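The following report works through the strands, helices and side-chain contacts of one model. It is meant to be read alongside the coordinates.

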Amino acid sequence: MDKDEFFMRRAIELAKKARNKTCPNPLVGAVIVKDGKIIGEGYHKRAGLPHAEVEAINSVGDKSLLKGATIYVNLEPCNHYGRTPPCSLAIIQSGISRVVIAMRDVNQKARGGIERLKEAGIDVRVGVLEDEAKRLNEVFIENITKNKPFFIMKAAMLLNGCITVKGGVSQWITSQKARRFSHRLRGTNSAVLVGINTVIMDDPLLTCRIKGYRQPKRVVLDMNMKIPISARMFSEYADNIYIITSKNSDEAKKRVLESMGVNIVECSVSNGEFDPIDLSEKLLKNDICSCVVEGGSRTHGYFLKNGLYNKAYLFYAPKISGSYGAFNVAGFEAPKSLDGVSSLKDAKCRKVGDDLLIEGYF
């Protein structure tokens, strides 16, 4: 392995420690090396705190060691004044003579660090483990380049694609291990989202019930404010619930829910459904950078037909039934040819408990 790749891999591992804690900022780790030995490390722990490069520089007790050292960072050092000063300037002032970077910053406001470092006479190498760095910050890249959250389709179904049996009953299709996986998925993303019919039929809490994981924001698409005030989800963490509704829905119920601490977000409606661009922007403005969509059928259909999904986790229980009267995973008009279907790339299949999990990118 190339020595630059070796130390960059360590920087990426450090960055992962802050997963789901830096939104809307990227995940960044930094490693400082002198004479083949690591003398300093750091990572960006949370939005508003010092960036990874500064953390790494501050971790070096003897600052004279920085002269002639190399710093490895998985994202281009920022070059602007935000909540913190530019990391490019901190590197220049430290005496570090070489910078190895995995990928350029996609944020136009922050980029330019590479050029500034080169102008200061620092040796810069870019592109080490670039693909790994992009995958690490896939959420941040989607937020910046598409102005939308990173949407994840999560569904549990029978082998024939049904997510319920007759009458809409869906609990429990998959095994306990699969359900635990789903809770970890909730706890490692900004939010979990369902449609109003799921709330009415299943009355879910939508919380993460694994110790050590933080609670996701809970989002309900409810155009006409049908959600019952008695819904179980209101019994805890009401301030992290976001009801997406239309401007013309029940004003009295909106006020009652707001008095309970619930967030009401009005979204534009087009052709009888939420405008996907407005919905994406509203979620992102509420610091929902990544969102696990758990259905039901109509909700998955909405996200699929509008091309909003980025990734999928599809659980298949080793069970099959008749489909008449049940709900399919994607509730929208079927295409007339296979040219109109959504495809997954980099798809992987593995067993989780008794179930099969297919994971891939749209």
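Contact here means that heavy atoms lie within 4.5 Å, and the account below concerns a predicted model.

**Helix α6 and its surroundings**

In helix α6 (residues 138-146), the buried residues are Glu138, Phe140, Ile141, Glu142 and Asn143. The elements that cover these buried residues of α6 include α5 (130-136), β6 (150-157), α10 (276-285), β14 (309-316) and β16 (355-361). Just after α6, the backbone at Asn147 adopts a positive phi of about 55°.

One of the buried residues of α6, Glu142, also has a polar partner: its side chain makes a polar contact of 3.0 Å with the side chain of Asn310. Asn310 belongs to strand β14 and is itself buried, because its relative accessible area is 12% and the limit for burial is under 20%. Leaving aside residues up to four places away in sequence, Asn310 touches Glu142, Lys148, Pro149, Phe150, Phe151, Tyr361 and Phe362.

**The sheet**

Where does β14 sit among the strands of the open sheet? The open sheet has 9 strands in the order β10-β9-β8-β7-β13-β6-β14-β16-β15, with mixed pairing, which places β14 between β6 and β16. Its edge strands, each pairing on one side only, are β10 (263-266) and β15 (345-352), and from one strand to the next the twist averages 20°.

Strands β6 and β14 run parallel and are joined by 7 bridges; within this pairing, Ala155 has Leu314 of β14 as its bridge partner. On the other side, β14 and β16 run antiparallel and are joined by 6 bridges, with Glu359 in β16 serving as the bridge partner of Tyr313. Strands β15 and β16 likewise run antiparallel with 6 bridges between them, and Lys351 stands opposite Leu356 in β16. These two strands, β15 and β16, form a hairpin with 2 residues between them, and Gly353 in the turn has a positive phi of about 65°. Because 5 of the 7 residues of β16 are buried, this strand is largely enclosed by the rest of the structure.

Two helices can be placed against the sheet strands. Helix α11 (residues 297-305) lies across β6, β7 (191-195), β8 (217-221), β13 (290-293) and β14, running at about 140° to β6. Helix α9 (residues 251-259), in turn, lies across β9 (241-245) and β10, and runs at about 140° to β10.

**Aromatic pairs**

A pair of aromatic rings is described by the distance of the centres and the angle of the planes. The count for this model comes to 8 aromatic pairs, and two of them, both involving Phe181, are set out in the table.

| Ring pair | Centre distance | Plane angle | Class |
|---|---|---|---|
| Phe181 and Tyr313 | 5.6 Å | 55° | tilted |
| Phe181 and Phe315 | 5.4 Å | 75° | edge-to-face |

The pair of Phe181 and Tyr313 is classed as tilted because its planes stand at 55°, and angles over 60 degrees would be needed for the edge-to-face class. Since Phe181 lies in helix α7 (residues 176-187) and Tyr313 in strand β14, this pair ties together parts that are 132 residues apart in sequence. With planes at 75°, the rings of Phe181 and Phe315 make an edge-to-face pair, which likewise links distant parts of the chain, Phe181 in helix α7 and Phe315 in strand β14 being 134 residues apart.

Are the three residues of these pairs buried or exposed? Phe181 is buried, with a relative accessible area of 11%; Tyr313 counts as buried at 10% relative accessibility; and Phe315 is buried at a relative accessible area of 1%. Elsewhere, ring pairs link Phe151, Tyr302, Phe303, Tyr309 and Phe362 into a cluster, and two members of that cluster, Phe151 and Phe362, are among the residues that Asn310 touches.

**Tyr43 and helix α2**

A ring also takes part in a contact with a charge: the charged end of Lys45 sits over the ring of Tyr43, at 4.7 Å from its centre. Val54, found in helix α2 (residues 52-58), counts as partly exposed because its relative accessibility is 23%. The C-alpha atom of Val54 is separated by 7.6 Å from that of Gly42, which is 12 residues away along the chain. Not counting residues up to four places away in sequence, Val54 touches Cys87 and Ala90.

Terms used: Residues numbered from 1 in each chain as written. Predicted model: local features only at pLDDT ≥ 70, side-chain atom pairs only at ≥ 80, totals over all residues. Heavy atoms only, no water. Helix = DSSP H or I, 4+ residues; strand = E, 2+ residues; numbered from the N terminus. Buried < 20%, exposed > 50% of the residue type's maximum accessible area, 1.4 Å probe, protein only. Phe/Tyr/Trp six-rings, centres within 6.5 Å; stacked < 30°, edge-to-face > 60°. Lys NZ or Arg CZ within 6 Å of the ring centre and 35° of its normal. Polar contact = N/O pair within 3.5 Å; in protein donor to acceptor, adjacent residues only side chain to side chain. Pairing = 2+ DSSP bridges. Axes fitted to C-alpha atoms, helices over the stretch in contact; angles between N-to-C directions.
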